[in-house]
4 protein chains.
Amino acid sequence: MPKQKVTAEEILRKSMKVFNAKGYHNTSMAQIADECGLLKGSIYHYFKSKEQLMQAVIEYLHQKYKEKVFSIAYQPDLTSREKLEEYIVFSENLFIGSNDGCLMGNIALETVNTNANFAKSLRAFFQEWINAMAHIFEVDYGKQRALEISKECVAEIEGALMLKRVFQEDDYLHKAHQRILQRGIKTKQT
Amino acid sequence: MPKQKVTAEEILRKSMKVFNAKGYHNTSMAQIADECGLLKGSIYHYFKSKEQLMQAVIEYLHQKYKEKVFSIAYQPDLTSREKLEEYIVFSENLFIGSNDGCLMGNIALETVNTNANFAKSLRAFFQEWINAMAHIFEVDYGKQRALEISKECVAEIEGALMLKRVFQEDDYLHKAHQRILQRGIKTKQT
Amino acid sequence: MPKQKVTAEEILRKSMKVFNAKGYHNTSMAQIADECGLLKGSIYHYFKSKEQLMQAVIEYLHQKYKEKVFSIAYQPDLTSREKLEEYIVFSENLFIGSNDGCLMGNIALETVNTNANFAKSLRAFFQEWINAMAHIFEVDYGKQRALEISKECVAEIEGALMLKRVFQEDDYLHKAHQRILQRGIKTKQT
Amino acid sequence: MPKQKVTAEEILRKSMKVFNAKGYHNTSMAQIADECGLLKGSIYHYFKSKEQLMQAVIEYLHQKYKEKVFSIAYQPDLTSREKLEEYIVFSENLFIGSNDGCLMGNIALETVNTNANFAKSLRAFFQEWINAMAHIFEVDYGKQRALEISKECVAEIEGALMLKRVFQEDDYLHKAHQRILQRGIKTKQT
DNA sequence: AATGAATGAGAATTCATTCAT
DNA sequence: AATGAATGAATTCTCATTCAT
């Protein structure tokens, strides 16, 4: 009889927030349930374990990034510069103002050594991210060099998000994005 | 029995390893004790709680970095280039080949939002790191710009260490160091 | 499994017994759970800590005393003598034959110095007890003197219960009650 | 080589204080050691277990009461009245101003149900106390009645000490003593 | 005689998970 | 679908006790 109070996707979104803020091991099912307005037993209707929930969160987020972020890199009618700018606008909206940073990076650092399933999914995510950025730089730098630059970019962003979390200062991310933009510009000028 | 089996410093070093590999919340006192060849109760002789142990680890490591790493930046008879090179040699020896990455970064990302004590100590650590690098760049870039570069460097290193952990590829760190070195070289040539 | 085995009130009653028999610090949650036919973790569904459970026991018992015992003193259509007699009958049924004595007194002596929350609740209990008895004696002795007598009565009862526990002899309590009754009778005759 | 820092008697006296203030189960060997200026291992030089230490405390205190308090009752050249007065002076000096109350009563209530050894010693103590008081009243009341009165007195004192602890009011004990004195006086007048 | 280290049993508490309603 | 009760294993921490120095 009980009315459906949430959808699986709502649970994913709420738990994403909690995992991001407190980390995987430091988050309890009760906290997630709480965030969803449910009791902890009820989560198990949608996800059969905490691990599977985390896994689903990772995949859900990966999918969203694919659709909304990585896809930018493959839009045929944008210049490199425009792609980077669009990416950056999108990304800053996502991160600036929140203390939570990048779930993928946070969870990666916390669990990649101890959970093979997460590790695999997280690797796939980062790989696609790198590939997407590399695709942007490829036109100007060539395949090889573009890949290197793109790895730098991702590292810089994640590093910036870490320091942003540590110092609670949004500037780190903004600056990192500016440097990434530079790489697009410089080329043009050469 | 009552023969001393470990010193406090040994416990710090062993637990540093475990915390680094598995994270703070995913590490149990039993695992640390195990690593030290003690029973779990015995750790409490040296540190009165898990939190206090972690705190001590952070401070111990901070101290070591001060002595061995940050100090390089303040050696009066080295050029910027030499300082950077020395720093890099040291740092690669520390990180390359291990899967553990940077305890400070790992723990920061995991706990900085939920533990104010850790947050404070970790912030102090990162600040000194940034200051030390800034000191190297100051001669060539001026105070303001040196600080910015140094923040970039730390972010790049931490980002690289994250990707290194994700992909188990040492190259990320090495490349980041090369870019840092570039910043030193460029100047000279100007 | 997930069929309700106990109610919160049952836990209160069972734990009351255990606390009374063995004292607060000497009682473990496992023993209470055992008494309730539960596992120790399950108690935490109902009470969030041992301290909170004890607190609830104190308050529960206080409430019961209010309803069943102290209320006797305020019944408008009984004489002092009748009130005392009713109180005594009630009280002897409660205590005689059991080795446990007065939980409130036992816990008070054990914890009042070290737990401020218990102290407060226990003080409230004893105060109301004293007030109730004073109310009985007031008609015959006046406010001031009634209060003094009532303090004597409570002290005598608690002292008697202590010796009853030490010597396992029910007589102490009975005699104390007789003396209390005397105080009611004497008046009449004067 | 280590110098002797304490005597067994000093340990007894210090631990008596701690046991009295915090109860038996709530007192740790470390706290006792601390009070004595020793480390906890050192207590075991003098007493082979916590239980044995408590036992020794009980016996030590029993002995002191015998010598200093109960003996008053058997002094051949004092009147009942004088004995009672001397007893009361002594007793008030002992208890008034301290929050700790009567160790024997406190420990009795806490442990008599669960520790047979303590129970035995505590029973012996209370018996001798009762006998001593009975001896005072015997002259005026006869053996039988004196014993009853004396039980009342002990109960009243213990009850008063309990309320004194609960309400932190010295008056309870003082009043109890006055009533005891009354019993001595009344006789004379008859 | 005192210390300081280590033990190991047991305490309170947390938490992912199950399941009958 | 949701609940709420119960589980049981794991976790942190405490503490009486032992023992080599």
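Mentor: A polar contact is a pair of N or O atoms within 3.5 Å; within protein, one must be able to donate a hydrogen and the other to accept it, and residues adjacent in sequence count only if both atoms are side-chain atoms. This is a predicted model, where local features need pLDDT of at least 70 and side-chain atom pairs count only at pLDDT 80 or more, while totals for chains, interfaces and linings use all residues. Residues are numbered from 1 along each chain as its sequence is written, chains are lettered from A and ligands numbered from 1 in the order in which they are written, and side-chain values use heavy atoms, with hydrogens and water left out.

Trainee: OK. How many residues does each of chain B and chain A put into the contact?

Mentor: Chain B gives 37 residues and chain A gives 37 residues, where contact means heavy atoms within 4.5 Å.

Trainee: And how much area do chain B and chain A bury?

Mentor: About 3400 Å² between chain B and chain A, with 65% of it on carbon and sulfur atoms. Buried area is the accessible area (1.4 Å probe) that two parts lose on being put together, summed over both. On the chain B side, the residues that lose the most area to chain A are B:L109, B:M162 and B:V166, together 19% of what that side buries.

Trainee: How many salt bridges between chain B and chain A?

Mentor: Four, a salt bridge being a side-chain nitrogen of Lys or Arg within 4 Å of a carboxyl oxygen of Asp or Glu. One of them pairs A:E152 with B:R179, whose closest N and O atoms are 3.5 Å apart. Chain B and chain A also have eight residue pairs in polar contact, both residues at pLDDT 80 or more.

Trainee: Which elements of chain B give two or more residues to that side?

Mentor: α1 (8-22), α6 (103-111), α7 (116-141), α8 (143-167) and α9 (171-189) of chain B. Helices (H or I, at least four residues) and strands (E, at least two) are DSSP runs, numbered from the N terminus. The largest share of the side that touches chain A is from α8(B), at 14 residues.

Trainee: What about chain D and chain C, how many salt bridges there?

Mentor: Four between chain D and chain C. Among them is D:E148 with C:K175, at 3.9 Å from N to O. The polar contacts between chain D and chain C come to nine residue pairs, both residues at pLDDT 80 or more.

Trainee: How much area do chain D and chain C bury?

Mentor: About 3400 Å², of which 65% is on carbon and sulfur atoms. The contact brings together 37 residues of chain D and 37 residues of chain C.

Trainee: How far apart are the nearest C-alpha atoms of chain A and chain C?

Mentor: They are 11 Å apart, and chain A and chain C do not touch. Chain B and chain D have no contact either, with their closest C-alpha atoms 11 Å apart.

Trainee: New topic. At what angle do α4 and α5 of chain C pack?

Mentor: About 150°, with the axes of α4 (residues 50-73) and α5 (residues 80-95) 8 Å apart. α4(C) is therefore roughly antiparallel to α5(C). Residues that meet include C:Y65 and C:V69 in α4(C) and C:Y87 and C:F90 in α5(C).

Trainee: And how do α4 and α7 of chain A cross?

Mentor: At roughly 5°, with the axes of α4 (residues 50-73) and α7 (residues 116-141) coming within 10 Å. So α4(A) and α7(A) are roughly parallel to each other. Axes are lines fitted to C-alpha atoms, for helices over the stretch in contact, and angles run from 0 to 180 degrees between N-to-C directions; angles under 35 degrees count as roughly parallel, over 145 as roughly antiparallel, 65 to 115 as roughly perpendicular and the rest as oblique.
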